[in-house]
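Hi,

Here's the structure I promised to pass along. Have a look at it first, and my notes follow right below.

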Number of protein chains: 2
Amino acid sequence: MTDTDELLSIRAAELYYEENKTQDEIGTVLRLTRWKVGRLLAQAKASGFIRIEIVHPRARRLSIERRLRETTQLTDAIVVSSAGVSTDEELQSRTAQAAADYLTGLRPVPRTLGISWGRTLHEVSLHLAQGWASGVNVVQINGGVSLNRRAGTAAATAVTIAHKASGAATLLPSPAILERLDTKTAIEADRSVAAVLNLGAAASAYLFSAGQADQNSALVDSGYLTAEQVAELVRKGAVGDIVGRYIDSNGNIVDPELNGRTVGIQLEALRHAKTAIAVITGGSKHSIARAVVGSGLCTVLVTDEDTALAILGENA
Amino acid sequence: MTDTDELLSIRAAELYYEENKTQDEIGTVLRLTRWKVGRLLAQAKASGFIRIEIVHPRARRLSIERRLRETTQLTDAIVVSSAGVSTDEELQSRTAQAAADYLTGLRPVPRTLGISWGRTLHEVSLHLAQGWASGVNVVQINGGVSLNRRAGTAAATAVTIAHKASGAATLLPSPAILERLDTKTAIEADRSVAAVLNLGAAASAYLFSAGQADQNSALVDSGYLTAEQVAELVRKGAVGDIVGRYIDSNGNIVDPELNGRTVGIQLEALRHAKTAIAVITGGSKHSIARAVVGSGLCTVLVTDEDTALAILGENA
DNA sequence: GGTCATGTTGCTCATCTGCGCATTCGAGCA
DNA sequence: TGCTCGAATGCGCAGATGAGCAACATGACC
């Protein structure tokens, strides 16, 4: 009996959704009353047989966003749909676009925006429209002078975001990580660096990404750390880094000594910020995303569907 | 302008389909009139941004079936959905189920059903319900005594279908292909074989599958042909076989000599039959499916979504 | 500036659809 | 057999929706 009904509900759904016939017409074809048809369709939906996807680069998953807001301390969450996405690049592009959109719509418009650097942030900067805001000053919040070609990218990211908002960019003239603690202390004490750090610590909003803890990390790529050092960090529980600082799944600093040699604002500044927007996407960043959200390092998360589900614990 | 509208239509679609809000509510949220929202949703659908799939083993693609009926000579077409299918086995099972369903609902109920043999047909026999009809006699229409363990399967298929319909099965006691023409002529002349062939030629309906022309063909597997012989047939234009007879993309016999040594009803019998149901599924059978449908070898086709689209020429 | 063609907007109305309630059906049981 | 109760069914109604239409804006061209 239930078996027959299930089959009927599929037939009804085909006629309703594919052939868009009216419930009454379907009733005539299947020799049922239109009320029965309505109930069969409701049943089909309830059983999850009907899958509706919005296939578009700008599509979002509102239901997942809502669940994220409800089950975490996030004040806002943006989850881009991964429907119809085949490559990782495409997903990154979608997420960056969403971050740019969010930033554009952000109210109040931040006077000073603190940003990190990396591939993700760079892509966000490219997706921002010219004139996305007016008079937003951008300040780097972690060491941005890298040891290779990425240097240009880091600076370009800040400059682009500022330029498109008719604002000024303030770069942090320091390496991300120094080899010796006293060098780091010295550079931090330097007026030009200290001023930027103070500006960063007082920013009205933050926009940053996260790096996964493996040999593909941007910090390894930039030459600040070796693959072995990262492996050692993983052994100590690291899941990834935020503004250059490696944290474990609870959001705690993994290696205080290394952290001491890292130049940039403290994680506490992010934790207490009114607006801290994290942009994290990709399968390799599920753990770090979970850590960031779980330990309150951001107030807003922009991410993709799969990462969001991982944070909600809905796919192992 | 159109760009903004497109984005709005996506936002509207999210609220409508994911959050199932009413168009009026969406209007309030997005500051639009409800008519505008309705138009945006219509636009989103028309642009193909909204994808509705029915995820169920018994789901069919009615729109594709209709197009098949319209653009070919088929009197009926059954196309199973491949939504949510991960393995080829699953697709074969779905198609076999659909064929069993179609056979069960076939009117008038055939008094005599001519069948071929093979993996597909066997699976159809398993999916038929006990008592799917009453008093249907089954007759094999091509050589069924194979050279190895498949023999049992071929016979079992016929017997199962007949048994479940309280009918009798008539087996064709002959190899599919003989090595010498005169042996074939002799065996065909034998009363026991001739009687079965006559019965088959007079069947009120046919149910058969098709084999692709490669080394995985059932005829190779059964030992009737070698991989080399099949390769040679392909060189001559063969795309697959129907009841043991290899045809090219126009539905013509590829090798008359080989065809002369093949035991079973002629293709003409299928072409002139009132009801000839072909069950063809899987990526490797797109060409043979196209040939069968294109050359009028069946009146009814049971297949999967991808094969159907290939026949319609909608995916290269 | 005037005129026309085109596309957009707001609206009415007929239709479609989901919800709540009364009725009926049918299995289980005395 | 007759009874009881829960589930399935049929239905009225109000809210939601799509089609068609008139008014209006827009912009091209004379």
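Lys36(B) has a polar side-chain atom 3.0 Å from a phosphate oxygen of DNA strand C. Bear in mind that this is a predicted model, so treat that distance as computed from predicted coordinates. From chain A, Tyr16(A) also puts a polar side-chain atom 3.0 Å from a phosphate oxygen of the strand. For Thr33(B), the distance from a polar side-chain atom to a phosphate oxygen of DNA strand C is 3.4 Å.

Who else sits around the strand? Chain A brings Tyr16(A), Thr22(A), Gln23(A), Arg34(A) and Arg39(A), while chain B brings Thr33(B), Trp35(B), Lys36(B) and Arg39(B). As for what they touch, 53% of the atoms of DNA strand C that come within 4 Å of the protein belong to sugar and phosphate. By residue type, the surface near the strand splits into four charged, three polar and two nonpolar residues.

In terms of secondary structure, helix H3 (34-46) of chain A and helix H3 (34-46) of chain B each supply at least two residues of that surface. H3(B) gives the most, with three residues.

One more thing, away from the DNA strand: the cysteines. How many disulfides does the structure hold over all chains? Zero. I also checked burial at position 298 in both chains. Cys298(A) is buried, because its relative accessible area is 5%, and the cut-off for buried is under 20%. Cys298(B) counts as buried too, at 5% relative accessibility.

That's what I have for now.

Cheers

Definitions and conventions: Residues are numbered from 1 along each chain as its sequence is written. Chains are lettered from A and ligands numbered from 1 in the order in which they are written. This is a predicted model: local features need pLDDT of at least 70, side-chain atom pairs count only at pLDDT 80 or more; totals for chains, interfaces and linings use all residues. Side-chain values use heavy atoms; hydrogens and water are left out. A disulfide is a pair of cysteine sulfur atoms within 2.5 Å. Buried means under 20% relative accessible area, exposed over 50%, partly exposed in between (1.4 Å probe, protein chains only). A residue is near a molecule or strand if one of its heavy atoms lies within 4 Å of it. A polar contact is a pair of N or O atoms within 3.5 Å; within protein, one must be able to donate a hydrogen and the other to accept it, and residues adjacent in sequence count only if both atoms are side-chain atoms. Helices (H or I, at least four residues) and strands (E, at least two) are DSSP runs, numbered from the N terminus. Ala, Val, Leu, Ile, Met, Phe, Trp, Tyr, Cys and Pro count as nonpolar, Asp, Glu, Lys and Arg as charged, and the others, Gly among them, as polar.
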